[in-house]
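Here's a quick tour of the open and closed spaces in this protein, plus a helix and two residues worth a look. Keep the structure open beside you as you read.

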Amino acid sequence: MINSQRIIDRFKMLAEIDSVSREEADVAAVLKDILTKMGATVSMDNAGEAIGGNCGNLVAKFKGTVDKAPMMLSGHMDTVEPGKGVKVQFDENEKIFRSDGTTILGSDDKSALVIILEVMDVILENNLPHPPIDIVFTVCEEIGLMGAKQFDLSMIDAKIGYILDSTDLEGIVTRAPSANRFTIKVHGKDAHAGAAPENGINAIVVAAKAISCLQLGRIDPETTCNIGKIEGGKATNIIPDLVTLYGEARSHDENKLKAVTEGIFAAFHNAVAAFKAHESDPLPKVEIDLKEDFPATHVPDDHIVVTLAQEAAKNLGKKMECKTIGGGADANIFFGKGVVTGVLGTGMTDVHTVRESIKLEDMENTTRLVLEILKIHSL
């Protein structure tokens, strides 16, 4: 039932449409046309306006043929850089898609778009029974899950579903951490570095003192933190009066996340206090901006989203294990909004690099898996 040539042609077409984050309008227009011709009711939300992009999240709704709970299928339309001018190379012998080596391929996540479209083609062409299906193609996933965060949940009816945005073909991601993102500004006092350094307060030195007190990287099996970007200073002959640091903390345990985040902030407050000659001195000082980046995902092992995927995999002679990851995905946001989603793999490898590739067979197998999930759910 699966049309391999259609998958090949469609993947080449979609992968070669530029759609880096905030610039997904062209690929969204093509997807809208395809889905409309399939008979779906297609609409777009206003997420693009909120995040400075040229289009919003795309939603396609298919009426069900059986009285079962609606199912959401989702992937993201945006890609990372270098993602402009992609030229897809398909090896006819190995049946593998690659780029020409100057850009990413974009299988993250255009393989998901192709698989979901193929699922619907097979269902419609063969009059297969299916529940109501809400397809959600998001924008700006790669730059902070921004499309999902802005998604208008009233546009869909589904409360369960699957997001295709992983590499593992025999795993379903059911646990992902929550994350805090923070910006820390350390203010010092400028002075001439050669003539009067004693009159200044070196903001970089204060920040370095704080950083030296931190445990960064892997804190425990559930928790990580990182200072990933530092900006500061104007010239080598000026004592820097400002340094800005950007970082994050993640954990599967909310109490641990809170403790790690508070510990980071305390280190900076303590460092500032240690550099003050008198407690009443205005400088140095620290400013902290904290944002809750995304909530944790924790889908129970006995949830229908898990059991459906495992039964479908078993029927296909495969296994499906629950997976815990350290990254975030649109699933975190949907879970926080009340839509329980498992993340399935499409087989993409070396994502976010110019060595990215994906096998046709893997895309076909994920298509079969999703079809089998919908078949079981329709019984």
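A cavity here is a set of grid points where a 1.4 Å probe fits but cannot get out. By that definition, the largest cavity has a volume of about 40 Å³. Bear in mind that this is a predicted model, so every value below is computed from it.

**The cavity**

- Searching the whole structure turns up one cavity of 30 Å³ or more.
- Its lining is made up of Val173, Ala176, Thr297, Ile325, Ala329, Ala331, Asn332, Thr341 and Val343.
- Strand 8 (171–176), helix 9 (330–336) and strand 16 (340–345) each chip in at least two of the lining residues.
- Sort the cavity lining by class and you get six nonpolar residues, three polar and no charged.

**The largest pocket**

- The largest pocket holds about 540 Å³.
- There are 25 residues in its lining, and Glu141, Leu145, Arg250, Gly328 and Ala329 are the ones nearest the centre.
- Three elements give two or more residues to that lining: strand 7 (160–166), strand 12 (242–251) and strand 13 (285–294).
- Strand 12 gives the most, with three residues.
- The class split for the largest pocket is nine nonpolar, seven polar and nine charged residues.
- Ala329 turns up twice: it lies among the residues nearest the centre of the largest pocket, and it also lines the largest cavity.

**The second largest pocket**

- This one has a volume of about 250 Å³.
- Its lining includes Met1 and Ile2, along with Ile123, Leu128, Pro129, His130 and Leu316.
- Arg368, Leu371, Glu372, Leu374 and Lys375 are also in the lining.
- Helix 10 (residues 360–377) supplies the largest share, five residues.
- By class, the lining of the second largest pocket has eight nonpolar residues, one polar and three charged.

**Helix 4**

- Helix 4 runs over residues 107–125, which makes 19 residues.
- From first C-alpha to last it reaches 25 Å, close to the 27 Å expected at 1.5 Å a residue.
- Most of helix 4 is covered, with 17 of its 19 residues buried.
- After the helix comes Asn127, which has a positive phi near 50°.

**Ser99**

- You'll find Ser99 in the loop between strand 5 (96–98) and helix 4.
- Ser99 counts as buried because its relative accessibility is 9%, and the cut-off is under 20%.
- Its side chain reaches two backbone atoms: the nitrogen of Gly101 at 3.1 Å and the oxygen of Thr103 at 2.7 Å.
- Setting aside neighbours within four places in sequence, Ser99 is in contact with Lys87, Gln89, Ile104, Leu105, Val354 and Glu356.

**Leu245**

- Leu245 sits in strand 12, the strand that gives the most to the lining of the largest pocket.
- Is Leu245 buried or exposed? With a relative accessible area of 0%, Leu245 is buried.
- Leaving out neighbours within four places in sequence, the contacts of Leu245 are Phe182, Thr183, Ile184, Val186, Ala207, Ile211, Ile227, Lys229, Ile230 and Phe268.
- Ser21 is 224 residues away from Leu245 along the chain, and their C-alpha atoms are separated by 24 Å.

Terms used. Residues numbered from 1 in each chain as written. Predicted model: local features only at pLDDT ≥ 70, side-chain atom pairs only at ≥ 80, totals over all residues. Heavy atoms only, no water. Helix = DSSP H or I, 4+ residues; strand = E, 2+ residues; numbered from the N terminus. Expected span 1.5 Å × (residues − 1). Buried < 20%, exposed > 50% of the residue type's maximum accessible area, 1.4 Å probe, protein only. 1 Å grid on protein atoms, 1.4 Å probe; cavity = no way out; pocket = protein on both sides within 12 Å on 5 of 7 lines; lining within 4 Å. Points joined across faces, edges and corners; volume = space filled by probe spheres on them. Nonpolar A, V, L, I, M, F, W, Y, C, P; charged D, E, K, R; others polar. Polar contact = N/O pair within 3.5 Å; in protein donor to acceptor, adjacent residues only side chain to side chain. Contact = heavy atoms within 4.5 Å.
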